[in-house]
Protein chains: 2
Amino acid sequence: MADVNAIAKQFVDYYYSTFAGNRPGLATLYRDSSMMTWEGQQIQGVGPIIEKLSSLPFEKVAHRVTTLDAQPSSPSQPSMIVLVTGLLIVDDSQNPLNFSQTFQLYPEAGTYFVQNDVFRLNYG
Amino acid sequence: MADVNAIAKQFVDYYYSTFAGNRPGLATLYRDSSMMTWEGQQIQGVGPIIEKLSSLPFEKVAHRVTTLDAQPSSPSQPSMIVLVTGLLIVDDSQNPLNFSQTFQLYPEAGTYFVQNDVFRLNYG
């Protein structure tokens, strides 16, 4: 599964750096079929997902990845499931929040897009 | 997605109660194609997965589910992705551990099996 882990790491690095620097730029990673569940709220499609992510009330945000695990998710195509756990640091807060996020990435034209995205904060 | 959430809840309740009471009984939920990543260790197939789960050094264990989110994971079949976050209580410890677990469930003959299983403890 080495290849899957390398792709997942590259994806996650790109995703969170884009999240920090240019949230609307995440639009290239979603499609109209994409589903996101953000703290229990279910959202479908690239437009509504980017609207949600862009409206989150963070001036400045960083995801610090603690663990990253990936697995192939289908026998018929090179899709993969990725589970990330880590710390969310909002507006330079001294109290980072634990988060967990699951992605399912689908292959498309030599790259990947996010078909499933489930995000949860863990209030400990 | 109401149906998906109901199936996911039923699965998770059954999974963790079986985990607590009869870990070898989880064998019915995995197949030879199933993949598990347990704290970074990659394991494939029902035999090795059950061997791993049965060998975990807990006399008594309970999973307390805090959040449970589910999404359909494929356009072509009623598979689903489930993200669980919660507390793992080992041997009546007063210090439960946060955990995150992602399942992908595949349909089969009117029921579901676990194709993907990623488990992580969050050390906070």
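How much area is buried between chain B and chain A, and what share of it do carbon and sulfur atoms give? In this predicted model, the buried area is about 2600 Å². Carbon and sulfur atoms give 54% of that area. The contact involves 29 residues of chain B and 29 residues of chain A.

Start with the side of chain B that touches chain A. Strands E1 (30–38), E3 (61–72), E4 (80–90), E5 and E6 (111–122) of chain B each give two or more residues to it. By class, this side has 10 nonpolar, 16 polar and 3 charged residues. Between chain B and chain A, 18 residue pairs are in polar contact, both residues being at pLDDT 80 or more. The interface also holds 2 salt bridges.

One of these salt bridges joins Arg120(B) to Asp69(A). Their closest N and O atoms are 2.7 Å apart. The two side chains are also listed as a polar contact, at 2.7 Å. Arg120(B) sits in strand E6 of chain B. Is Arg120(B) buried or exposed? Its relative accessibility is 14%, so Arg120(B) counts as buried, the limit being under 20%. Its neighbours come from both chains. On chain A, Arg120(B) touches Thr67(A), Asp69(A), Leu83(A) and Thr85(A). On chain B, it touches Glu39(B), Gly40(B), Asn98(B), Phe99(B) and Ser100(B). Residues up to four places away in sequence are left out of that list.

Now turn to the aromatic residues. Over all chains, the structure has 21 aromatic pairs. Take Phe99(A) and Phe119(A). Their ring centres lie 5.7 Å apart and their planes meet at 15°, so the pair is stacked; planes under 30 degrees apart count as such. Phe99(A) belongs to strand E5 (residues 97–108) of chain A, and Phe119(A) to strand E6 (residues 111–122) of chain A. The pair therefore ties together parts that are 20 residues apart in sequence. Both rings belong to buried residues: Phe99(A) has a relative accessible area of 1%, and Phe119(A) has 3%.

Chain B offers an edge-to-face example. Tyr15(B) and Phe103(B) pair at 4.9 Å centre to centre, with 65° between the planes. Tyr15(B) lies in helix H1 (residues 2–21) of chain B, while Phe103(B) lies in strand E5 (residues 97–108) of chain B. This pair therefore links parts 88 residues apart in sequence. Tyr15(B) is buried, at 1% relative accessibility. Phe103(B) is buried too, at 0%.

Back in chain A, the aromatic residues gather into a cluster. Phe11(A), Tyr15(A), Tyr16(A), Phe19(A), Tyr30(A), Trp38(A), Phe99(A), Phe103(A) and Phe119(A) form it. The stacked partners Phe99(A) and Phe119(A) are among these members.

A polar residue touches several members of this cluster. Gln101(A) lies in strand E5 of chain A. It is buried, with a relative accessible area of 3%. Where does its side chain find a polar partner? The side chain of Asp117(A) makes a polar contact with that of Gln101(A), at 2.8 Å. Leaving out residues up to four places away in sequence, Gln101(A) touches the aromatic residues Tyr15(A), Tyr16(A) and Phe119(A). The same list includes Val82(A), Leu83(A), Val84(A), Asp117(A) and Val118(A).

Helix H1 of chain B also holds Ala20(B). This residue is partly exposed, with a relative accessible area of 45%. The C-alpha atoms of Ala20(B) and Ala62(B) are separated by 5.8 Å. Along the chain, these two residues are 42 residues apart.

Last, look at the backbone in two loops. Most residues other than glycine have a negative phi. Asp91(A) has a positive phi of about 50° although it is not a glycine. Asp91(A) is found in the loop between strand E4 (80–90) and E5 of chain A. Asp91(B) also has a positive phi of about 50°, and its place is the loop between E4 and E5 of chain B. Are these residues buried or partly exposed? Asp91(A) counts as partly exposed, at 36% relative accessibility. Asp91(B) is partly exposed as well, with a relative accessible area of 36%.

Note on methods:
Residues are numbered from 1 along each chain as its sequence is written. Chains are lettered from A and ligands numbered from 1 in the order in which they are written. This is a predicted model: local features need pLDDT of at least 70, side-chain atom pairs count only at pLDDT 80 or more; totals for chains, interfaces and linings use all residues. Side-chain values use heavy atoms; hydrogens and water are left out. Rings of Phe, Tyr and Trp (its six-membered ring) pair if their centres lie within 6.5 Å; planes under 30 degrees apart count as stacked, over 60 as edge-to-face and the rest as tilted. Helices (H or I, at least four residues) and strands (E, at least two) are DSSP runs, numbered from the N terminus. Buried means under 20% relative accessible area, exposed over 50%, partly exposed in between (1.4 Å probe, protein chains only). Contact means heavy atoms within 4.5 Å. Buried area is the accessible area (1.4 Å probe) that two parts lose on being put together, summed over both. A salt bridge is a side-chain nitrogen of Lys or Arg within 4 Å of a carboxyl oxygen of Asp or Glu. A polar contact is a pair of N or O atoms within 3.5 Å; within protein, one must be able to donate a hydrogen and the other to accept it, and residues adjacent in sequence count only if both atoms are side-chain atoms. Ala, Val, Leu, Ile, Met, Phe, Trp, Tyr, Cys and Pro count as nonpolar, Asp, Glu, Lys and Arg as charged, and the others, Gly among them, as polar.
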